[in-house]
Amino acid sequence: MSKRALITGITGQDGSYLAEFLLKKGYDVYGFVRRTSNDPLGRIDDLSVTRELKLVYGNLRDISSIERAIKESNPNEIYNLAAQSDVGISFKCPEETIEINYYGLGRIVNAAMEYNPKIKIYQASTSEMFGATNPPQNEESKFQPVSPYGEAKLKAHEDFVVGYREKHNLFVCSGILFNHESPRRGEHFVTRKITISLAKIKLGLQDYFELGNLEAKRDWGFAGDYVEAMWKILQQDKPEDFVIATGKSHSVRDFVEAAAKALDMPITWEGKGLDEVGKDQNNKVIIKINKNFYRPCEVDYLLGDSSRAKTRLDWEPKTSFNELVDIMCKSDYDSFSKKS
């Protein structure tokens, strides 16, 4: 009999890649989705995949819909990828952030424990839990979140992952994932903002765009690689938490320059601080700095050490930083070329 998986957040970047991955593994995959006017499976490219998926409608605020989804899917594994995942928005909507990112997981874990305590549960944790901790960060590093998003994820990790694992002997684990991107990343995230904006500028569809802190450093990997790690975490004999990262960090400025190079439009920087601008080969300003895009509390430097994952999961990232940027730039350029 095929394994059965229930994925919350299946409409997002990670959920779409994970659904494709599990279906190829022979799983029966159920997606837990909210009713919206948009296509819930719009991020999945393969039509054969969308035909195989089974959707269960509900909301992480609604315990009865969670209980119904678990009963209907009867899963061996639950992957909780649903979240208010925008760090910047979490400062503006802290109550919504903790409602979804903390209480949402609590409802899932309690409903699963009531239905079948043998269900394995994966929780999408985040490098933002480390916050101000000095890099490199691994499973033993201190957590010091500096955003409502990081704080909500940490509270969920401590109470419902570590806490329930110890108190109730549940198989519940966190994948502490560092930044991971793809052409399916939401357009409001800085990486997609960069690749979309540069593609539009090259096509003559946009004049310039604005960014915040160019010096913030992140450990950026490819989401398609990271979903394999999620699956491997739940295949272990004992529940354990894992940092998933590339072990290499790049600044926002590095990402801009790599994207510009991928699109064959080199950038020259002039000025300092809020007056700095990026110019193209024709000396036209195409990048400006806007103080409104700086976060109230910034995490300056994230760099993951995924040695445990390499040793115990036999997992390593396959896609390099430059390959990732190239994939994203090509996808956005091709997409807007067809529209123009």
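## Helices and rings in a predicted model

Biologist: Helix H9 (residues 252–262) packs against H11 with the axes 9 Å apart. At what angle do the two pack?
Modeller: Bear in mind that this is a predicted model. Two packed helices are described by the angle between their axes and the distance between the axes. For H9 and H11 you already have the distance, 9 Å. The angle that goes with it is about 60°.

Biologist: Are H9 and H11 parallel, perpendicular or oblique to each other?
Modeller: Roughly parallel would need an angle under 35 degrees, and roughly perpendicular takes 65 to 115. H9 and H11 pack at about 60°, which falls in neither range. So the word for H9 and H11 is oblique.

Biologist: Which residues of H11 do Asp-254, Phe-255, Ala-258, Ala-259 and Ala-262 in H9 meet?
Modeller: H9 passes H11 in a right-handed crossing. On the H9 side, the contacts come from the five residues you name. Their partners in H11 are Phe-321, Asn-322, Val-325, Asp-326, Met-328 and Cys-329.

Biologist: And helix H7 (residues 190–202), at what angle does it cross H11?
Modeller: The H7 and H11 axes come within 9 Å, and H7 passes H11 in a right-handed crossing. Thr-191, Ile-196 and Ala-199 are among the H7 residues in contact, and the H11 side includes Tyr-333 and Phe-336. The crossing angle is roughly 45°, and that makes H7 oblique to H11.

Biologist: On to the rings: how many aromatic pairs are there?
Modeller: A pair of aromatic rings is described by the distance of the centres and the angle of the planes. To count here, the centres have to lie within 6.5 Å. By this rule the number of aromatic pairs is 12.

Biologist: Tyr-226 and Trp-315 form one of these pairs, so is it stacked, tilted or edge-to-face?
Modeller: The centres of Tyr-226 and Trp-315 are 5.4 Å apart, with 90° between the planes. Planes over 60 degrees apart get the last of your three labels. The pair is therefore edge-to-face.

Biologist: How many residues apart in sequence are the parts that this pair ties together?
Modeller: Tyr-226 lies in helix H8 (residues 223–234), while Trp-315 is in the loop between helix H10 (307–313) and helix H11 (321–339). Tyr-226 is buried at 0% relative accessible area, and Trp-315 is buried at 1%. The pair ties together parts that are 89 residues apart in sequence.

Biologist: Which residue lies over the face of Phe-293?
Modeller: Two such cases are worth a look. Arg-253 lies over the face of Trp-269, at 4.8 Å from the ring centre. Over Phe-293, at 3.7 Å from the ring centre, lies Lys-193.

Technical notes: Residues are numbered from 1 along each chain as its sequence is written. This is a predicted model: local features need pLDDT of at least 70, side-chain atom pairs count only at pLDDT 80 or more; totals for chains, interfaces and linings use all residues. Side-chain values use heavy atoms; hydrogens and water are left out. Rings of Phe, Tyr and Trp (its six-membered ring) pair if their centres lie within 6.5 Å; planes under 30 degrees apart count as stacked, over 60 as edge-to-face and the rest as tilted. Helices (H or I, at least four residues) and strands (E, at least two) are DSSP runs, numbered from the N terminus. Buried means under 20% relative accessible area, exposed over 50%, partly exposed in between (1.4 Å probe, protein chains only). A charge sits over a ring if NZ of Lys or CZ of Arg is within 6 Å of the ring centre and within 35 degrees of the ring normal. Axes are lines fitted to C-alpha atoms, for helices over the stretch in contact, and angles run from 0 to 180 degrees between N-to-C directions. Angles under 35 degrees count as roughly parallel, over 145 as roughly antiparallel, 65 to 115 as roughly perpendicular and the rest as oblique. A crossing is left-handed if the near helix is turned anticlockwise from the far one by less than a right angle, and right-handed if clockwise. Contact means heavy atoms within 4.5 Å.
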